[in-house]
Amino acid sequence: MAGMLGLRLLSKIPKSRTSTVFSRLISTSNKKSDVSATSATGSATEACEIKQEKRHWQSYGFSEESELEDLNEMHHHGFLLISLGLCLSIFILAYRPEVNLEDWSHREAFLELRRRERNGLPLISPHYADPECSLFS
C-alpha cells in the first residue's frame, strides 16, 4: 500500500526530477532474483505488476478442491467448538441443579432449629430414637 502511494506521488513529480529517483520492489520470498530496482521513469503500472505464484496449499481436511471453502469451514468448526462446546458446557455445569441437595438439607435444619428455639422446645427430641429399640441390646 505504501509502495503504491509512493509511486503515485512519483508520477506527480515533474519529469526533470524523476530521472534520479529509484523505487525498489521487495518481495517477501528468499529469492535474490525477486528483488529489483526499477527506474521511476517507467509507468506506474509496470512497476506495480506482481507476479502471481501458485501457493502450496495444504488442506485442513474440510475441502480438497477449494482453499477458501476449506478455510471457511475450518473457522466455522473452530467457532462452534469453542463457543458451543466449551462456553455452553461450562455454563450448563455452573448452573445445573444441585445433585445431593446439601444446601437444602442445611437450610432446612437451621429452619427447624430456629422453630424449636422460638417455641421453647428442646433442640433434639429425647424420643427421636426409641430407647427400647436399641441396636446394641
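This report covers three residues of a predicted model: Leu-101, Arg-116 and Ser-63.

| Residue | Place | Relative accessibility | Class |
|---|---|---|---|
| Leu-101 | loop between α4 and α5 | 45% | partly exposed |
| Arg-116 | helix α5 | 18% | buried |
| Ser-63 | loop between α3 and α4 | 5% | buried |

**Leu-101.** This residue sits in the loop that links α4 (67-94) to α5 (102-119). Its phi is near 55°. That value is positive, and the residue is not glycine. Most residues other than glycine have a negative phi. Leu-101 has 45% relative accessibility, so it counts as partly exposed; that class lies between the 20% and 50% cut-offs.

**Arg-116.** Helix α5 holds Arg-116. Its relative accessibility is 18%. Buried means under 20%, so Arg-116 falls in the buried class. Neighbours within four places in sequence are set aside for its contacts. Arg-116 then touches Leu-121, Pro-122, Leu-123 and Ser-125.

**Ser-63.** The loop between α3 (44-47) and α4 carries Ser-63. Its relative accessible area is 5%, and therefore Ser-63 is buried. The side chain of Ser-63 reaches the backbone nitrogen of Glu-65, at 3.5 Å. Ser-63 is also in contact with Trp-57, Glu-69 and Asp-70, with residues up to four places away in sequence not counted.

Terms used
Residues numbered from 1 in each chain as written. Predicted model: local features only at pLDDT ≥ 70, side-chain atom pairs only at ≥ 80, totals over all residues. Heavy atoms only, no water. Helix = DSSP H or I, 4+ residues; strand = E, 2+ residues; numbered from the N terminus. Buried < 20%, exposed > 50% of the residue type's maximum accessible area, 1.4 Å probe, protein only. Contact = heavy atoms within 4.5 Å. Polar contact = N/O pair within 3.5 Å; in protein donor to acceptor, adjacent residues only side chain to side chain.
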